[in-house]
Each structure stands twice: as C-alpha cells, then as structure tokens.
Amino acid sequence: MDYQLKIAGLTRSLTIYPITEEIGIAAFILFGDVELTCACAEKLLEKAPEYDFLLTAEAKGIPLVYEMARQSGKPYLVARKSKKLYMGEAFSAAVKSISTAARQTLLLDRKDAEAMRGKRILIVDDVISTGESLLALETLAEQAGGVTAARMAVLAEGKASLREDIIYLEKLPLFNSKGDEPYVI
C-alpha cells in the first residue's frame, strides 16, 4: 500500500515499509526528485528566520540543503557519517535514527566548523521523526560556537508533528505494519 503525500504544491506516492512488527513508515526520498527538492527548498526558505549557515547530516538532507543554499546564496555544511582522509580534527555527536539500524556518529571538520563560530545556524533535515539527528546536528553547531536559528524539515513524522520547536511543511503519519491505519505514536 502507498501513502499519497501532498507537499509544496506537488503530490507523491510513498511506499510504506515496516520498521518493526507493529510500525511502518512511508519512505520519503528526495534523491533524484529535482522538482520536489526545489519546491520544498523554496517553501522552507519562506518560513526560515534570519540565519547565516545551513547545516544538515549526510546523506538524505544534502539535496535539500544544497538547493536551499543555491536559492538563498547562503553557505552550507554537511555533517559526515564517517571521518574522511581530508578531515583534520573533528567535532562529533552520536545519533540513532529511526531509519538506520545501527547507532552512528556525525562528524564536522574543525576547520569547516570555524566558519560557523558566532553565526546563526539553520539546521535542516528531510524528515524529523525521533529528533535524534536534529539533536546531534545542534550539538555539533554548539561545539563549533554557532547558535541554532531554527530546526527545519520537509516532514514531521509521528510525534514530531506535535513539537513546537521545529518548522516543517507537512505531517507524515506512522502506520501499522500492514501499511494501513495511519496513527501518531
């Protein structure tokens, strides 16, 4: 069964996948969907407060934050999921995402982070569910000396849609494992 999502003036059909015996999620993937990425970036920028930098986590937020940077002319940084050879000293924060089986670590190169010192940081993700990725990104921004201007996402999934500290475009329900009966956990 698929879930029909209307967002930023567009409609997409999302496949529902079980993540536990009881819960299913509708897979929202921006990769390759240029039309949706551009439309969502534009709508998020309309809601964004004043900021100096965009920050996202590798990998699903990259197309969105790139497009937001392109449209706004503001710089962006990506927190990496593993230390790359070109990275020097790095700040790190642990994260356990609903869509990833293992606990991960997000890393921000200290040299890149220096550019965020004293700046207003707009933390961006594609979907906010548990809020773990946002918390890790906010931790990295604080370690770098930045100030969180806002937390934004295209979708707020499940209980995240009840949060008052995030800005998002649409709600995304969770589903029972059979893919029907949307509900908020």
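The exercises below work through a predicted model of one protein chain, each with a stepwise solution.

Residues are numbered from 1 along each chain as its sequence is written. Local features need pLDDT of at least 70 and side-chain atom pairs pLDDT 80 or more, while totals for chains, interfaces and linings use all residues; side-chain values use heavy atoms, without hydrogens and water.

**Exercise 1. Take stock of the chain: how many helices and strands does it have, and what percentage of its residues is buried?**

Step 1. Count the elements. The chain has four helices and twelve strands. Both are DSSP runs numbered from the N terminus: helices are H or I with at least four residues, strands are E with at least two.

Step 2. Check burial. Of the 185 residues, 47% are buried. Buried means under 20% relative accessible area, exposed over 50%, and partly exposed in between (1.4 Å probe, protein chains only).

Step 3. Look at contact range. A contact is heavy atoms within 4.5 Å. Among contacts between residues at least 6 apart in sequence, 59% join residues at least 24 apart.

**Exercise 2. Lay out the five-stranded sheet: what is the strand order, and which strands stand at the edges?**

Step 1. Write the order. It is 5-4-8-9-10, in an open sheet with parallel pairing. Two strands pair if DSSP finds at least two bridges between them.

Step 2. Find the edges. Strand 5 (76-79) and strand 10 (167-172) each have a single partner strand, so one side of each lacks a neighbour in the sheet.

Step 3. Add the twist. Neighbouring strands are turned by 20 degrees against each other on average, direction ignored. Axes are lines fitted to C-alpha atoms, for helices over the stretch in contact; angles run from 0 to 180 degrees between N-to-C directions.

Step 4. Go through the pairs. Strand 4 (residues 53-57) joins strand 5 over four parallel bridges, with L55 opposite L77. Three bridges link strand 4 to strand 8, where L54 faces L122. Strand 8 and strand 9 share eight bridges; R120 has V147 as a bridge partner.

Step 5. Explain strand 8. Eight of its nine residues are buried, so strand 8 is largely enclosed by the rest of the structure.

**Exercise 3. Place helix 1 and helix 2: which strands does each touch or lie across?**

Step 1. Take helix 1 (residues 34-47). Helix 1 packs on the sheet, touching strand 9 (147-157) and strand 10, and makes about 125 degrees with the direction of strand 10.

Step 2. Take helix 2 (residues 62-72). Helix 2 lies across strand 4, strand 5, strand 8 (120-128) and strand 9, at about 170 degrees to strand 4.

**Exercise 4. Describe the largest nonpolar core: which residues have the most contacts inside it?**

Step 1. Fix the term. A nonpolar core is a set of buried Ala, Val, Leu, Ile, Met, Phe, Trp, Tyr and Cys residues joined through side-chain atoms within 4.5 Å.

Step 2. Name the residues. The largest core has 30 residues, and F28, L64, M68 and V154 have the most contacts inside it.

Step 3. Find the main supplier. Helix 1 gives the largest share of this core, six residues.

Step 4. Inspect V154. Its contacts include F28, L44, L64 and Y168.

Step 5. Note the second core. This separate core has 23 residues, including F53, L55, A156 and I166.

**Exercise 5. Examine R12: is it buried or exposed, and which side chain does its own side chain contact?**

Step 1. Locate R12. It lies in strand 2 (residues 10-18).

Step 2. Read the area. R12 has a relative accessible area of 18%, so it is buried.

Step 3. Find the partner. The side chain of R12 makes a polar contact with that of E35 at 3.0 Å. A polar contact is a pair of N or O atoms within 3.5 Å; within protein, one must be able to donate a hydrogen and the other to accept it, and residues adjacent in sequence count only if both atoms are side-chain atoms.

Definitions and conventions. Lists of a residue's contacts leave out its neighbours within four places in sequence.
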